[in-house]
Amino acid sequence: MSLLHGISASNGIAIAKAYRFVEPDLSFSKKTVEDIPEEIARFHSALSISKSELEVIRDTAEKELGTDEAAIFNAHILVLIDPELVTAIGDKIKSDKVNAEYALKETTDMFIMMFEQMDNEYMRERAADIRDVTKRVLSHLLNVEIINPSMITEEVVIIAEDLTPSDTAQLNRKFVKGFTTNIGGKTSHSAIMARTLEIPAVVGTKEATKCIKDGDIVIVDGFNGQVHINPTSEVIATYENEQVKFEQQKAEWAKLVNEKTTTADKHHVELAANIGTPEDLEGVINNGGEGIGLYRTEFLYMGRNQLPTEEEQFEAYKKVLQGMSDKPVVVRTLDVGGDKELPYLNLPKEMNPFLGLRAIRLCLQEQAIFRTQLRALLRASVFGNLKIMFPMIATLDEFRQAKAVLEEEKQELLNNNINVANTIEVGIMVEIPSTAILADQFAKEVDFFSIGTNDLIQYTMAADRMNEHVAYLYQPYNPAILRLVKMVIDAAHNEGKWTGMCGEMAGDEIAIPLLLGLGLDEFSMSATSILKARAQLLQLKKSDMVELANEALQMATADEVVRAVKARSNL
Ligand code: PEP
Ligand code: MG
């Protein structure tokens with residue numbers, strides 16, 4: 001048995017067989033072949049295995065996920081049997097006397113380039129299909145297995161170098177009991193999604209993929225950031241006991257689902273949820289969310305080959321607004337960039353994606369994308385209590401520009417007799433230090449703030465949120481962060497506005513007493529953290545926490561703050 005240490009990303013215990021999710025090595029070299037018919041036969045055999053495999057995947061996807069999700073695999077099969085492509089590859093093997101791998105790659109690269117340059121969106125999507133199919137056929141030529149997480153049909157723990165947010169979104173909760181990755185931090189988006197999906201996870205173990213083989217028995221201890229490999233039966237029994245205790249604890253918290261969040265001295269705060277898709281709504285309702293404090297709309301744009309249409313977006317926003325009745329729903333406009341990529345936008349690679357063309361910066365530059373989203377939001381606004389929030393605002397000018405585009409789209413809709421809600425609050429995420437420092441000026445123009453501590457901490461401490469080597473600098477309790485948070489809350493209150501927090505800090509049990517003391521109005525977190533936070537807040541007195549927060553603001557280190565919180569708030 002051995003033990004790996006990492007960063008606890010999502011609470012809970014998972015015990016299951018390991019399933020390695022590792023990018024296959026599809027490298028090969030160019031070779032001259034003598035026996036041309038045999039090489040062509042080898043190519044056709046790889047094609048036919050790929051086709052049977054895709055048919056199975058398509059049928060499983062149709063059963064498990066529905067016809068829409070399965071359609072992509074039909075498109076892949078069409079590429080595989082496309083006579084023009086198949087003939088061109090065969091001809092290349094014949095004329096150049098080259099191996100099938102080389103002929104395949106050269107030919108498909110040429111087709112991909114051709115499709116990518118076309119004006120027509122539909123044709124550009126075909127490039128992505130050809131790329132996927134090439135990978136599959138190559139894997140069969142090279143006898144290398146390619147993995148497909150949607151095909152998992154037994155309980156497993158996923159072992160990966162990293163999981164992108166769209167990999168995580170595709171994990172089937174029924175079978176994926178937990179995951180562990182080599183890289184990543186507490187606020188990387190795969191960690192955030194694991195909390196939403198209630199999948200226990202440990203990230204940043206540095207060498208999980210090196211130490212764990214397929215089929216090893218693995219325990220993911222999401223509470224303590226530990227991963228046990230092939231544990232003894234005693235260790236398994238201890239963890240099974242922990243699992244039972246956690247379930248009992250959750251049953252206790254569940255009793256608070258219909259309660260208001262009121263502190264021991266009768267002060268009300270709002271406990272809202274962060275969601276990524278309309279499917280997350282069920283979790284919000286089941287966990288007693290009082291609103292949606294952050295709808296990360298970028299997930300609507302991910303795991304696909306083209307931008308979502310205005311109609312698709314409208315339906316998603318309407319569903320969320322209606323699902324929450326008249327409760328507030330803060331929808332954040334597109335925040336891609338950083339660890340959330342959209343390959344089909346073909347944006348140039350950046351040296352520092354977290355400091356690059358991200359979120360509102362991209363939207364102001366690519367206004368057609370932005371305007372489509374705003375129109376969908378404005379049209380959906382009549383179905384509930386919508387608030388619109390712009391991400392990554394660094395200057396007032398950016399906010400003014402974004403607001404002006406929103407106003408233009410609103411006028412255009414009204415001119416066309418399309419209904420839009422009368423009052424839609426428009427706010428910003430405060431996640432860049434310049435904005436926190438200038439919050440008094442912003443507060444005059446915005447309707448609300450929501451503090452995005454995942455980014456605010458990474459930018460204040462200059463520590464990449466994805467990099468496990470500097471994870472120690474993710475310090476939500478550092479007095480420097482607390483002072484910034486205070487500046488934002490005070491600035492809003494001076495102008496009669498409200499401040500929420502939708503970074504992971506809002507659901508953190510050490511931070512909650514401090515944030516209550518600093519006067520935060522709305523706490524938005526993974527739905528699965530809400531009931532625990534409510535249980536905690538019911539026990540706290542705001543007046544005591546104001547004193548605690550004032551003391552913390554004068555302290556020198558995060559450790560000192562943690563000690564003070566523990567001493568004063570029963571933790
Ligand atoms: C944040 O930065 O705190 C935030 C909530 O946004 P995201 O995690 O999506 O960057
Ligand atoms: Mg952010």
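# A tour of cavities, a metal site and some individual residues

Thr372 sits in helix 13, which covers residues 367–380. Everything here comes from a predicted model, so please read each value as computed from that model. Is Thr372 buried or exposed? With a relative accessibility of 19%, Thr372 counts as buried, because the cut-off for buried is under 20%. The side chain of Thr372 also has a partner: one of its polar atoms lies 2.8 Å from the backbone oxygen of Ala368.

Now for the empty spaces. How many cavities of 30 Å³ or more does a search of the whole structure find? The search finds 2. The largest cavity holds about 80 Å³ of space, and the second largest has a volume of about 70 Å³.

Let us begin with the largest cavity. Its lining is made of 13 residues, and those nearest its centre are Leu47, Leu85, Ile89, Leu104 and Val133. Five helices each supply at least two residues of this lining: helix 1 (36–64), helix 2 (67–80), helix 3 (83–96), helix 4 (100–116) and helix 5 (121–141). Which helix gives the most? That is helix 5, with 4 residues. By residue type, the lining of the largest cavity has 11 nonpolar residues, 2 polar ones and no charged ones.

The second largest cavity has its own set of walls. It is lined by 16 residues, of which Arg296, Arg332, Glu431, Asn454 and Asp455 lie nearest its centre. Two elements give two or more residues to this lining, namely strand 10 (292–296) and helix 17 (453–461). Helix 17 provides the largest share, 3 residues. What types of residue line the second largest cavity? They divide into 3 nonpolar, 5 polar and 8 charged.

Two of the names near the centre of the second largest cavity, Glu431 and Asp455, come up again at a metal site. Which residues coordinate the magnesium ion (ligand 2)? Glu431 does so through OE and Asp455 through OD, at 2.0 to 2.1 Å. This pair links distant parts of the chain, with the two positions 24 residues apart in the numbering: Glu431 is in the loop between strand 13 (425–430) and helix 15 (433–437), while Asp455 is in helix 17. Glu431 counts as buried because its relative accessibility is 1%. Asp455 counts as buried too, since its relative accessibility is 3%.

Aromatic rings give us another kind of pairing. The structure holds 6 aromatic pairs. One of them joins Phe223 and Phe246 in an edge-to-face arrangement, with 4.8 Å from centre to centre and 85° between the planes. Here again distant parts of the chain are linked: Phe223 belongs to the loop between strand 7 (217–221) and strand 8 (226–229), and Phe246 to helix 9 (residues 233–254), 23 residues apart. Phe223 is partly exposed, with a relative accessible area of 29%, whereas Phe246 counts as buried at 17% relative accessibility. Elsewhere, ring pairs link Phe370, Phe390 and Phe399 into a cluster.

Next come two aspartates, Asp59 and Asp447. Asp59 lies in helix 1, and its side chain makes a polar contact of 3.2 Å with the side chain of Arg58. Asp447 lies in the loop between helix 16 (439–442) and strand 14 (448–451). Distance along the chain and distance in space are separate things, as these residues show. Asp59 and Ala439 are 380 residues apart in sequence and 53 Å apart in space, C-alpha to C-alpha. For Asp447 and Lys497, 50 residues apart along the chain, the C-alpha atoms are separated by 6.1 Å.

Two loop residues have a backbone angle worth a look. Phi of Asn143 is positive, near 60°, in a residue other than glycine. Asn143 lies in the loop between helix 5 and strand 4 (156–160). Ser325 is not a glycine either, yet its phi is positive at about 50°. Ser325 is found in the loop between helix 11 (310–323) and strand 11 (328–332).

The table below gives the accessibility of four residues from the last two topics.

| Residue | Relative accessible area | Class |
|---|---|---|
| Asp59 | 40% | partly exposed |
| Asp447 | 30% | partly exposed |
| Asn143 | 72% | exposed |
| Ser325 | 48% | partly exposed |

Terms used: Residues numbered from 1 in each chain as written. Chains lettered and ligands numbered in written order. Heavy atoms only, no water. 1 Å grid on protein atoms, 1.4 Å probe; cavity = no way out; pocket = protein on both sides within 12 Å on 5 of 7 lines; lining within 4 Å. Points joined across faces, edges and corners; volume = space filled by probe spheres on them. Nonpolar A, V, L, I, M, F, W, Y, C, P; charged D, E, K, R; others polar. Donors = N, O, S within 2.8 Å, 3.2 Å for Na, K, Ca; no water. Buried < 20%, exposed > 50% of the residue type's maximum accessible area, 1.4 Å probe, protein only. Polar contact = N/O pair within 3.5 Å; in protein donor to acceptor, adjacent residues only side chain to side chain. Phe/Tyr/Trp six-rings, centres within 6.5 Å; stacked < 30°, edge-to-face > 60°.
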